[in-house]
Amino acid sequence: MNQPLRVGNSPGAERPDQSDLHMREASLDKLKAFLTLLPSMILVGVFVYGFIGNTIWTSMTDWGGTGSMSLEPQKNFVGLENYIDLFTGFLGGGFRQDLVNAVYYSVMLLAGAVGLGMFIAILLDQKPKGEDLLRTIFLYPMSLSFIVSGTIWRWLLAPQGGVNVLPKYFGFEPLTFKWLSSQSAILVFNWQDSLRILVYVAAFVLIMVGLFKLKKDAGRAVKRWLIPGIVLGALVWVFGGILPDALFMEEEHGFNLATLGIIMATIWQYSGYTMALYLAGFNGISQDLRDAAMLDGASQVGYYRYVAIPMLKPITISAVIILSHISLKMFDLIFAMTGPDNAATGHPALNMYLTTFRGNEFARGAAIAIVLFLIAAMFIVPYLVGQYRQQGRH
Amino acid sequence: MSARKFTLGSVFLYGTLALLALLFLMPAYMATVTALKLPADISLPTAWEWPSVVNWASFSDALVKLKPDFINSLILTICGTAGSTVLGSLNGYVFSKWKFKGSDVIFTLFLFGMFIPYQVILIPLFQTLRAMNLYGGLPGLILAHIVYGLPITSLIFRNFYSQIPTALIESARLDGAGFFSIYLRIVFPLSIPGFVVTSLWQFTQIWNEFLWGICLTRHTANPITVGLANLAGGQAVTWNLPMAGSILAALPVLAIYIFLGRYFIRGLLAGSVKE
């Protein structure tokens, strides 16, 4: 409180006092900065982290059934019962098929949207006439809501119309595929074998990574990836029978062909997004580098294959993260295209909604939500940690 | 592509692009054609054909049904966009120019909120809004959109403000400007493009949102996406109405996209590629 007075009284000591004042102002400003951020920190803390914690707790209770809609519902701790029930219980079959759907769905969406988006971006990178108009055409679906695009696609995929009658205009027979109501499935497997299949997938990934790294460091690739992968694969093949069955009865799940239409609609909506990402990336590559690659004898294809696409790896990673996020919360589009309770095209995100808000089984819905969340976290946490480390380096 | 000659390569290029463009426009064409038909003229085998009689009444009929939802969505979107954009701007200012110990960690923790599947917070959100007496109406939905919009808006503004030279801030501080006066006099006037990008992004996101709309609002507060889903749901629909409704529901965001597409793309890129 005395500080300002002293400044006025002793002009000789002005400089140190003033810097002292600056220091105090600076720390006051820092406090103001912190206080500005504080409300948002509290909101995000409660609404994101607090709520996730709450849902984890809910998933370990028996909240549901009658009386569940009261503000203070009765909840008893039941541990992991809901999860065990979802994965191995008699009534969890629907959820398990939804989970299988979600996996196929994510893989196909990623391959389709990244592939098509990259392809269009390469075409537009040739600077054709009308590039602006074309870019607008490829990107407009992205601005629409899933309910709008879902409604339109439902009509486009009607069994005796839409896409199916298109071949007629070119002199062919109309298609008869039941896009959204087909009951056929391919790549069917028995849920009892799911543990064995998981180990096979792990072995396959190890071998693929090993083959991929073979060129860079052959010794390490063989030792770290290839041999463990082959050994793991061989072990399950020989001793797989020892692994416990994941279910007490046979239950078949596969890739339901009815989801093809939904995948198609999502690719239509989101390949423009990956196109925009890659196009921005291509534009960021200097013309000099491109000319140099051409001088070195790279063909058009070679330039993209060996120079441009590898340079844009961060963009590919971003696209994969965003698209897998979108495919995991896929709710609106399926709701609009086949309704919320179509078994063949189900998805955990829809199942969660139906279980919670139609069936009032809150604990079970929370468990489904946590499964979704954990799958999402598998992709996102490494990505965010990587981003954070990168910030530190700059 | 040095010379624009009539080569095999350019035939392939333009041919493929034209074909792809047609495929991408197909749903828009189908929606328009169907919306313009009389209900009696709509049949599956002739779905692609241009209507013999153009029927504009589908649009006015759909508008009558969707009008309350449309107004709800307008209120919701404007309030949600304004709230999350203003807060995001302040957060971005702190995250980029007033870093303190741990602020980068907090920023990363913020970003995480952008990537969670919203099912994981739906039940506590539902319970909290009920306890706050906000369930069912627009204010609760606005609150949700503001809070869960914070990660993306903070991210866009942080990246935007990191382009403002720190020297500019430093010299203002030496002139005696404090935290808020630097924001008001220097940072805010420079960030109008940032506000445009962020609010366009938030506008489209909130306008298109469906999950919270259906789980957290009662009939009278339904946003347009829920209204459209109700209009299109049910078995015996005459397809001209849902198609006209889809076009109406898409118009605001489509207009933004067509006229301000540049900014929309910048928001889209800001959400995925950093700096």
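Into which domains is chain A divided? Select residues 3–42 for domain 1 and 81–393 for domain 2 of chain A; the bounds come from an automatic or database domain assignment. The centres of these two domains, taken over C-alpha atoms, are 54 Å apart.

**Before you go on**

This is a predicted model, in which local features need pLDDT of at least 70, side-chain atom pairs count only at pLDDT 80 or more, and totals for chains, interfaces and linings use all residues. Residues are numbered from 1 along each chain as its sequence is written, while chains are lettered from A and ligands numbered from 1 in the order in which they are written. The predictor gives the complex an ipTM of 0.91 and a pTM of 0.87.

**Stop 1: chain A**

Show chain A as a cartoon. It has 15 helices and two strands. Both are DSSP runs, numbered from the N terminus: helices are H or I with at least four residues, strands are E with at least two. Along the principal axes, the C-alpha atoms fill a box of roughly 95 × 70 × 55 Å. The radius of gyration of chain A is 28 Å, against near 21 Å for a compact globule of 394 residues. That radius is taken over C-alpha atoms, and the globule rule is 2.2 Å times the number of residues to the power 0.38. Of the 394 residues, 37% count as buried. Buried means 20 or more other C-beta atoms within 10 Å of a residue's own, with C-beta atoms placed from the backbone.

**Stop 2: chain B**

Switch to chain B. Here there are twelve helices and zero strands. The C-alpha trace spans about 75 × 65 × 30 Å along its principal axes. Chain B has a radius of gyration of 23 Å, where a compact globule of 275 residues would have one near 19 Å. Of those 275 residues, 48% count as buried.

Now colour by pLDDT, the predictor's confidence in each residue, from 0 to 100. The mean for chain B is 89, and 95% of its residues reach 70 or more. Among the elements of chain B, helix α2 (residues 57–97) has the highest mean, 95, and helix α12 (residues 261–270) the lowest, 77.

**Stop 3: helix α12 of chain B**

Select residues 261–270 of chain B. Why is α12(B) largely enclosed by the rest of the structure? Because seven of its ten residues are buried. Among them are Phe264(B), Ile265(B), Leu268(B) and Leu269(B). Arg266(B) is buried too. Now add the packing partners. From chain A, show α5 (131–143) and α9 (260–284). From chain B, show α5, α8 (192–208) and α11 (240–259).

**Stop 4: the contact between the chains**

Highlight both sides. The contact takes 80 residues from chain A and 76 residues from chain B; two residues are in contact if their C-beta atoms, placed from the backbone, lie within 7 Å. Helix α2 (residues 14–59) of chain A gives the largest share of the chain A side, 19 residues. By class, that side has 54 nonpolar, 19 polar and seven charged residues. Nonpolar covers Ala, Val, Leu, Ile, Met, Phe, Trp, Tyr, Cys and Pro; charged covers Asp, Glu, Lys and Arg; the others, Gly among them, are polar.

**Stop 5: the core**

End on the largest nonpolar core, which has 167 residues. Such a core is a set of buried Ala, Val, Leu, Ile, Met, Phe, Trp, Tyr and Cys residues joined through C-beta atoms within 7 Å. Helix α5 (residues 138–161) of chain B supplies its largest share, 15 residues. Residues with the most contacts inside the core include Ala121(A), Tyr278(A) and Leu228(B). Centre on Leu228(B). It touches Ile147(A), Val148(A) and Thr151(A), and also Leu66(B), Gly245(B), Ser246(B) and Ala249(B), not counting residues up to four places away in sequence.

Conventions
Buried ≥ 20, exposed ≤ 12 C-beta atoms within 10 Å, placed from the backbone.
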